[in-house]
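Student: I have a model open in my viewer and would like to learn how to read it. Could you take me through it?

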Amino acid sequence: MNMSKIKEYVIYNSTLENIDFKRKNIINTINPHSFCVAEKDLQFRKSLVESDILLPDGIGIVWAEMFLNRNSIKKIAGYDLFLHIMKKMNKEKGSVFFLGASNETLNKIKINSNKEFPNVIINSYSPPYKDVFSEEESKNMYNAVNAKNPDVLFVGMTAPKQEKWVFENKDMLNTNVICSIGAVFDFYSGSIKRSHPFWITMGLEWLPRLIKEPKRLFYRNFISTPNFILKIFWLKIFKKNKK
């Protein structure tokens, strides 16, 4: 995936107001780690590149776009997307479907949603916890969604599994807006506490999470991030020499 062309896919006006809820929109997010994963996983790369909207969910993407193309963009996290849509659905008395996570997490999401967004119709389905789904399992998943015909589908099965599943099954899903938002399920259910707004504002949302979960996030922060930075510097040199 060519970072120098990422501007073709990222929202640049730092607003979510332009999402068209009347046609199918596949919305994904990208950060330095997912960029590095997509360099090796061609299916994941295709899933991201062919997104209708790809959000810069990482301060590294914001920095890289400025460094490479002198474009100033704002980080838009999956949680920002989630809250924006839930507020809109609450105002319009719309419906959303949560696909992914355990039944316990989904129940917590429903409880919290009913309190904060009482006008939103909430439905959910917990798929099997595995790396690859069978045809029958995928069919059960999209049939569960289609039975409720939601305005918005939130998918939370971790990257890159969630993005690839949506890409493979998007034509089978009877809903217009499909958002792969991973950790948001855990944040909103309260299973994992999101970083304090101070760290988010400072562009260091990853730091408290790293301290709490060093083993799980070690590779992302100490392998993927340095590789991403080196890749961006290489692209900058390549662009300069190409002129």
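**Reading helices, loops and confidence**

Tutor: Happy to. Let's begin with helix H3, residues 59–69, whose buried residues are Gly60, Ile61, Val62, Ala64, Glu65, Leu68 and Asn69.

Student: How should I read the spacing in a list like that?

Tutor: An α-helix has 3.6 residues a turn, so residues three or four places apart point the same way. With that in mind, look along H3 at its buried residues, among them Ile61, Ala64, Glu65 and Leu68.

Student: What is the backbone like just after H3?

Tutor: Arg70, the residue just after H3, takes a positive phi of about 60 degrees.

Student: Before we go on, what sort of model is this, and what is its mean pLDDT?

Tutor: It is a predicted model. The protein chain has a mean pLDDT of 85, with 80% of its residues at 70 or more. Treat residues 3–14 with care: pLDDT stays under 50 there, although the model has 41 contacts beyond four places in sequence for that stretch.

Student: How many helices and strands does the protein chain have, and what percentage of its residues is buried?

Tutor: The protein chain has 11 helices and 6 strands. Of its 243 residues, 47% are buried. As for contacts between residues at least 6 apart in sequence, 76% join residues at least 24 apart.

Student: Now for packing. How do I describe a pair of helices?

Tutor: Two packed helices are described by the angle between their axes and the distance between the axes. Take H1, residues 32–40, and H2, residues 42–49: their axes come within 6 Å and cross at roughly 125 degrees. That angle makes H1 oblique to H2. The crossing of H1 past H2 is left-handed.

Student: Which residues make that contact between H1 and H2?

Tutor: From H1 they are Ser34, Val37, Ala38, Glu39 and Lys40, and from H2 they are Leu42, Phe44, Arg45 and Leu48. By class, the contact of H1 with H2 has 5 nonpolar, 1 polar and 3 charged residues.

Student: H2 also packs on H7, I gather. At what angle do the axes of H2 and H7 cross?

Tutor: The axes of H2 and H7 cross at roughly 70 degrees and come within 9 Å. H2 is therefore roughly perpendicular to H7. Here too the crossing is left-handed, with H2 passing H7. H2 brings Gln43, Phe44, Lys46, Ser47 and Leu48 to the contact, while H7 brings Glu163, Lys164, Phe167 and Glu168. These residues divide into 3 nonpolar, 2 polar and 4 charged.

Student: Let me pick Lys164 from that list. Is Lys164 buried or exposed?

Tutor: Lys164 counts as buried, because its relative accessibility is 18% and the cut-off for buried is under 20%. Lys164 is found in helix H7, residues 161–169. Beyond its neighbours within four places in sequence, Lys164 is in contact with Asp41, Gln43, Phe44 and Ser47. Phe44 is worth selecting in your viewer, as it takes part in the contact of H2 with H1 and in the contact of H2 with H7.

Student: Could you show me another buried residue, and what it touches?

Tutor: Try Val145 in helix H6, residues 135–148. Val145 counts as buried, at 0% relative accessibility. Not counting residues up to four places away in sequence, Val145 touches Phe97, Leu99, Pro150, Leu153 and Leu173. Its C-alpha atom is separated by 8.4 Å from that of Asn123, 22 residues apart along the chain.

Student: Let's turn to the loops. Where is the cis peptide bond?

Tutor: It joins Ala159 and Pro160, with omega about 5 degrees. Pro160 is placed in the loop between strand E5, residues 152–155, and H7. Thr158 lies in that loop between E5 and H7. Phi of Thr158 is near 70 degrees, a positive value in a residue other than glycine. At 52% relative accessibility, Thr158 counts as exposed.

Student: And what about Lys93: what is its phi, and where is its place?

Tutor: Lys93 is not a glycine, yet it has a positive phi of about 55 degrees. Its place is in the loop between helix H4, residues 78–92, and strand E3, residues 95–99. With 62% relative accessibility, Lys93 counts as exposed.

Technical notes
Residues are numbered from 1 along each chain as its sequence is written. This is a predicted model: local features need pLDDT of at least 70, side-chain atom pairs count only at pLDDT 80 or more; totals for chains, interfaces and linings use all residues. Side-chain values use heavy atoms; hydrogens and water are left out. Axes are lines fitted to C-alpha atoms, for helices over the stretch in contact, and angles run from 0 to 180 degrees between N-to-C directions. Helices (H or I, at least four residues) and strands (E, at least two) are DSSP runs, numbered from the N terminus. Angles under 35 degrees count as roughly parallel, over 145 as roughly antiparallel, 65 to 115 as roughly perpendicular and the rest as oblique. A crossing is left-handed if the near helix is turned anticlockwise from the far one by less than a right angle, and right-handed if clockwise. Contact means heavy atoms within 4.5 Å. Ala, Val, Leu, Ile, Met, Phe, Trp, Tyr, Cys and Pro count as nonpolar, Asp, Glu, Lys and Arg as charged, and the others, Gly among them, as polar. Buried means under 20% relative accessible area, exposed over 50%, partly exposed in between (1.4 Å probe, protein chains only). pLDDT is the predictor's confidence in each residue, from 0 to 100.
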